[in-house]
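User: Please examine one part of this structure closely and then set it in the context of the whole. A connected account with the cut-offs stated would suit me best.

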Amino acid sequence: MTLFLGLGIAGIILLALSLIFDGVLEGLFGGVLDGLFDGLLSLPVIAGFLSMLGFGGAIVLGTTGAGTVVATGAGVLAGLVAAWLTWKFSQALMRDQTTATPRGEDLVGTSGSVVTAIPADGYGEVLLRLAGQTVKYAAKSAAPVERGAEIWVEAALSTTSVAVRPVER
């Protein structure tokens, strides 16, 4: 029983260490194993196997009259299931892609409103929507634009400023 509990605790400790050292086993052989096991040798997978081997074996040994061999077999089976689930879950997480980060060029052609009046060839401020969020930008226009007027973005001048023109209806 002590051996099984020790294996289970060692698996949990290894899982905690995998937060820091994950990828070490896959990189040990200088890229020779790159893609060969596709994450099967990752520390979370090994930790899942080891902890379920230990705790599964301890549960079977403590709750049934079966011997050490049966408990070990049950622990190995539980460990394989835990390792496979950990591997599949980590693959699903690695495939999860987020949308592209919005850039200033994404603003070109969008409309907004003037917050601070824009003098001719000077700067004012406009509110624009970028990726669903309202953002305030410094704005430059060739013609003066009054506060509250609707504008179109013609160009992204920098990460914080845009060139605009008033919308004429």
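Analyst: Residues up to four places away in sequence aside, Phe 55 touches Phe 4, Leu 5, Gly 8, Ile 9 and Ile 12; contact here means heavy atoms within 4.5 Å. This is a predicted model, in which local features need pLDDT of at least 70 and side-chain atom pairs count only at pLDDT 80 or more, while totals for chains, interfaces and linings use all residues. Residues are numbered from 1 along each chain as its sequence is written, and side-chain values use heavy atoms, with hydrogens and water left out.

Phe 55 lies in helix H3; helices (H or I, at least four residues) and strands (E, at least two) are DSSP runs numbered from the N terminus. With a relative accessible area of 26%, Phe 55 counts as partly exposed, because that class lies between buried, under 20%, and exposed, over 50% (1.4 Å probe, protein chains only). Ala 78 is 23 residues away from Phe 55 in sequence, and the two C-alpha atoms are 8.9 Å apart.

Helix H3 (43-63) is also one of the packing partners of helix H4: the buried residues of H4 pack against H3 and against helix H1 (2-21). Those buried residues are Ala 71, Gly 75, Gly 79, Ala 82, Ala 83, Trp 87 and Gln 91. H4 itself covers residues 68-95, 28 in number, and spans 40 Å from its first C-alpha to its last. That is close to the expected 40 Å at 1.5 Å a residue, where the expected span is 1.5 Å times one less than the number of residues.

The helices are followed by the strands: the order along the sequence is α-α-α-α-β-β-β-β-β, that is, 4 helices and 5 strands. The 5 strands close into a barrel in the order E1-E2-E3-E5-E4, with mixed pairing; two strands pair if DSSP finds at least two bridges between them. Neighbouring strands of this sheet are turned by 55 degrees against each other on average, direction ignored; the axes are lines fitted to C-alpha atoms, for helices over the stretch in contact, and angles run from 0 to 180 degrees between N-to-C directions.

Strand E2 (residues 123-130) shows the arrangement of side chains clearly. In a regular strand the side chains alternate between the two faces of the sheet. In E2, Gly 124, Val 126, Leu 128 and Leu 130 point to one face and are buried, whereas Tyr 123, Glu 125, Leu 127 and Arg 129 point to the other and are not.

On one side E2 runs antiparallel to strand E1 (residues 111-116), joined by 4 bridges. Val 114 is the bridge partner of Val 126, and Gly 112 stands opposite Leu 128. The two strands form a hairpin with 6 residues between them, and Asp 121 in that turn has a positive phi of about 55 degrees.

E2 is also joined to strand E3 (residues 133-140) by 8 bridges, again antiparallel. Tyr 137 of E3 is the bridge partner of Val 126, and Gln 133 stands opposite Leu 130. This hairpin has 2 residues between its strands, with Ala 131 in the turn at a positive phi of about 55 degrees. E3 in turn runs parallel to E5, with 3 bridges, and Ala 139 stands opposite Val 162 in E5.

Val 126 and Leu 128 return in the largest nonpolar core, which has 13 residues; these two, together with Ile 151 and Val 162, have the most contacts inside it. Such a core is a set of buried Ala, Val, Leu, Ile, Met, Phe, Trp, Tyr and Cys residues joined through side-chain atoms within 4.5 Å. E2, E3, strand E4 (150-156) and strand E5 (161-166) each supply at least two of its residues, and E2 gives the largest share, 3 residues. Beyond its neighbours within four places in sequence, Val 162 is in contact with residues including Leu 107, Val 126, Leu 128, Tyr 137 and Val 153.

For the protein overall, buried residues make up 25% of the 169 residues.
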